[in-house]
Every structure is written in C-alpha cells, then in structure tokens.
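This report describes a single protein chain, from individual residues to the packing of its helices. The sequence and the structure are shown first.

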Amino acid sequence: MKKFSPAGGREALPDHHLPANGRREDAMKKFSPTLPQKIIEGVCAALLLGMVLGPILFWGRLPDQIPGHYNGAGEVDRWTGKWELLLMPVFGALMYLLLSFCCWLIGESVRKGELPQPAYTWISAIKLVVIGTFAALEGSMAAARPVGAWLLPADAVLLAVLIAGFLISSLRFAGKRGRNRTR
C-alpha cells in the first residue's frame, strides 16, 4: 500500500480514482472544458444577462399587467403586475448557480477519471435548456402573451434525452473501467 502524500503527489490518488487506463498521471490532469462546452457556457451567461438587462432597458414599454403563470398548454392562467417580472432573473440566476455547481462537481469527477469528458457536456447542455426556458418564459411574460404549447413537451423531451445521454455515457465509462480492472 502506498503512503498518503499531503502535498498531492501521484501516490495521493487512491486506486479507485484511477482512469480506465490505470495511469495515475492521466488522473491528475487538470480538467479543461472543450470549445463546445465553453460556447454553451457563454450562451447561458448571455441569456442570463439578457434576463437581467431586458426588464431594465424596456421597463417603460412593458404593460402594467403581465402573465404571472402559465398552465400546461402554455395559456395564461394568472395575471400580475410587471414587478413580478423581476423575479425571473433571480430564479434564473439561482438555477444558473446551482447547475454551475453541478458542472463543477462533474468537472472534478472528470479530472479524477471517475466520469468521461462527455458527462460535463451533457450537464452543460441541461443548464442551457433550463436557462433558455427561463429566458423564453420571461420574454413571453414581458410581451404579455402565452407561451407556445410546444414549450413544456419540448423541454421534457430535451431534458429526458440529455439526462439519458449523461447516464448512458457514464454507465459505459464505468463498464469500461470495470473491464479494465479485471484484466
């Protein structure tokens, strides 16, 4: 058994944290997002910025009464004052922070060799769908119009596909790691 190195040397990584090829030096690499992952992050940040700036820049043009809630068909089922529109960027920012933390956790697992690189992309794409949905809802609220009946089913399908992609890539990775350890 190798001794623990508090300085974070190669021997500090336990065997169960090794990547599929079993090389400790590969497991100690710093995780770096790919270009598509950086693009997804940039789009999420731009959507969030738009959610903050939109109501501020167009406040005088907003109707006094806006949709406060939509039913499953995308129809307005509650009206409210335009001040409630200011909650959307707050909720969007909270979701952004929560999903960014999830991305960081996944990135750490990728760096340790516990998850494949695509796992980070799947989680980033989930973040994009969630933030995009908040932005679309805010836009519909600001325009005082219903959302399309397609929004809820489209979100459900997109999120199901992305979650399935994450799970499948992670399970395949785990299966390959298991086969490599038994050899």
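## Strand, loop and helix packing

With neighbours within four places in sequence left aside, V76 is in contact (heavy atoms within 4.5 Å) with P67, H69, Y70, R145 and P146. The model is predicted, so local features need pLDDT of at least 70 and side-chain atom pairs count only at pLDDT 80 or more, while totals for chains, interfaces and linings use all residues. Residues are numbered from 1 along each chain as its sequence is written, and side-chain values use heavy atoms, with hydrogens and water left out.

V76 belongs to strand β2, residues 76-81. Helices (H or I, at least four residues) and strands (E, at least two) are DSSP runs, numbered from the N terminus. The relative accessible area of V76 is 23%, which makes this residue partly exposed; buried means under 20%, exposed over 50%, and partly exposed in between, with a 1.4 Å probe and protein chains only. Between V76 and V147 the C-alpha to C-alpha distance is 8.2 Å, although 71 residues separate them in sequence.

A144 is located in the loop between α4 and α5 (151-182). Its phi is near 55 degrees, a positive value in a residue other than glycine. A144 counts as partly exposed, at 27% relative accessibility.

The three residues treated singly in this report are placed as follows.

| Residue | Location | Relative accessible area |
|---|---|---|
| V76 | strand β2 | 23%, partly exposed |
| A144 | loop between α4 and α5 | 27%, partly exposed |
| S124 | helix α4 | 1%, buried |

S124 lies in helix α4 and touches I40 and C103, not counting residues up to four places away in sequence.

Two packed helices are described by the angle between their axes and the distance between the axes. Here axes are lines fitted to C-alpha atoms, for helices over the stretch in contact, and angles run from 0 to 180 degrees between N-to-C directions.

Helix α2 (residues 35-57) packs against helix α4 (residues 117-142) at an angle of about 20 degrees, and their axes are 9 Å apart. The two are therefore roughly parallel; angles under 35 degrees count as roughly parallel, over 145 as roughly antiparallel, 65 to 115 as roughly perpendicular and the rest as oblique. On the α2 side the contact includes I40, C44 and L47, and on the α4 side it includes S124, L128 and I131. By class, 13 nonpolar, 6 polar and 3 charged residues form this contact. Ala, Val, Leu, Ile, Met, Phe, Trp, Tyr, Cys and Pro count as nonpolar, Asp, Glu, Lys and Arg as charged, and the others, Gly among them, as polar.

Helix α2 also packs with helix α3 (residues 87-111), at an angle of about 160 degrees and with axes 9 Å apart. These helices are therefore roughly antiparallel to each other. Residues E41, C44, A45, L48, M51 and V52 of α2 meet M88, P89, G92, A93, Y96 and S100 of α3. The contact of α2 with α3 divides into 9 nonpolar, 2 polar and 1 charged residues.

Over its whole length, the chain holds 5 helices and 2 strands, in the sequence order α-α-β-β-α-α-α. Of its 183 residues, 34% count as buried. Among contacts between residues at least 6 apart in sequence, 66% join residues at least 24 apart.
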